[in-house]
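Here is a friendly walk through one chain, meant to be read with the viewer open. Please have the sequence and the coordinates at hand as you go.

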Amino acid sequence: MKNKIVHDALVLTMITLVAGFLLGLVFEVTKEPIAAAEYAKEQKAYKDVFQDADSFEAYADFDANAATKAAADAGFVNDTVDSAQVALDTSGNPIGYVITVTSKEGSQANITLSIGVTNEGVLNGYATTAISETPGLGMKVIDADFKAQFEGKSVESYTVTKSPAASESEIEAISGATISTRAVANAVNAGLAYFRSIGGGN
């Protein structure tokens, strides 16, 4: 009986070791392709919101805690500012920023998006990089018609209305998806608040 217990323990130990080795091997094999795919996804989002840019580089003075605090100080406490890129023209001159924000206010899960804003404070628009909203409802925030409400405007912040927008700063909510609409609007607002906190638009 004792020998059987020892034998079974050794077998389980070997299985655990082999499984751990294989998992580690799979991780190493897939790590670089996953990182490359994520990088490509981010670069596409940057280009989508800043088509005039030739390249992007990380904003050297970015501090995630300070950036998120700037958003919170402006009233957007459910958003985190994840990163900031400087948009560069073909000569390497900065022409604006791409700021990535995660909203915790989505109806299903967090929503991560990147906004492109020129040095003058004009919002080019936003591109989502992570979203799990309800198909046919909240997922409509990725539709071109809805996103167009944000594009080419220079306002301090956006507010959501259930009626047709009556000003540049109003965003008409998606019917049945006010929560998703507000999550996106506030994420954009958080990014704009951070943009202003580093002297953007002045």
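The report below starts with the overall layout and then turns to helices, a pair of threonines and some aromatic rings.

**Overall layout**

Keep in mind that this is a predicted model. The chain holds four helices and seven strands, and their order along the sequence is α-β-α-β-β-β-β-α-β-β-α. Of the 202 residues in the chain, 36% are buried. If you take the contacts between residues at least 6 apart in sequence, 53% of them join residues at least 24 apart.

**Helix 2 and its two sides**

Helix 2 spans residues 64–73, and its buried residues include Ala67, Ala70 and Ala71. Why do these residues lie on the same side of helix 2? They cover an arc of only 100° around the axis, and therefore share that side. The general rule behind this is that an α-helix has 3.6 residues a turn, so residues three or four places apart point the same way.

Turn the helix around and you will find the exposed residues Asn65, Lys69 and Asp73 on the face that points away from the buried side of helix 2. The cover over the buried residues of helix 2 includes strand 2 (79–88) and helix 4 (178–197).

Both ends of this helix are worth a look. At the start of helix 2, Asp63 brings a side-chain oxygen to within 3.0 Å of the backbone nitrogen of Asn65. Just after helix 2 comes Gly75, with a positive phi of about 105°.

**Helix 4**

Helix 4, which is part of that cover, has 20 residues and reaches 28 Å from its first C-alpha to its last, close to the 28 Å expected at 1.5 Å a residue. Is helix 4 mostly covered or mostly open? It is mostly covered, since 16 of its 20 residues are buried. Gly199 follows helix 4, and its phi is positive, near 90°.

**A pair of threonines on two strands**

Next, look at Thr102 in strand 3 (residues 94–103) and Thr112 in strand 4 (residues 111–118). Their side chains make a polar contact at 2.9 Å. Thr102 has a relative accessible area of 12% and is therefore buried; Thr112, at 13% relative accessibility, counts as buried too.

What else does each of them touch, leaving aside residues up to four places away in sequence? For Thr102 the contacts include Asn78, Asp79, Thr80 and Asp82, along with Asn110 and Ile111. For Thr112 they include Thr100, Val101 and Ala127, as well as Thr128, Thr129 and Ala130. Asp82 is in contact with Thr102 and also with Thr112.

**Aromatic rings**

A search of the whole structure finds seven aromatic pairs. One of them joins Phe146 and Phe150 edge-to-face, with 5.8 Å centre to centre and 65° between the planes. Ring pairs also link Tyr126, Phe146, Phe150 and Tyr158 into a cluster. Tyr126 has a charged partner as well: the charged end of Lys147 sits over its ring, 5.6 Å from the centre.

The table lists the accessibility of the buried residues discussed in the last two sections.

| Residue | Relative accessible area |
|---|---|
| Thr102 | 12% |
| Thr112 | 13% |
| Phe146 | 6% |
| Phe150 | 0% |

Both rings of the edge-to-face pair thus belong to buried residues, Phe146 at 6% and Phe150 at 0%.

Methods:
Residues are numbered from 1 along each chain as its sequence is written. This is a predicted model: local features need pLDDT of at least 70, side-chain atom pairs count only at pLDDT 80 or more; totals for chains, interfaces and linings use all residues. Side-chain values use heavy atoms; hydrogens and water are left out. Buried means under 20% relative accessible area, exposed over 50%, partly exposed in between (1.4 Å probe, protein chains only). A polar contact is a pair of N or O atoms within 3.5 Å; within protein, one must be able to donate a hydrogen and the other to accept it, and residues adjacent in sequence count only if both atoms are side-chain atoms. Contact means heavy atoms within 4.5 Å. The arc is that of the directions from the helix axis to the C-beta atoms. The expected span of a helix is 1.5 Å times one less than its number of residues. Rings of Phe, Tyr and Trp (its six-membered ring) pair if their centres lie within 6.5 Å; planes under 30 degrees apart count as stacked, over 60 as edge-to-face and the rest as tilted. A charge sits over a ring if NZ of Lys or CZ of Arg is within 6 Å of the ring centre and within 35 degrees of the ring normal.
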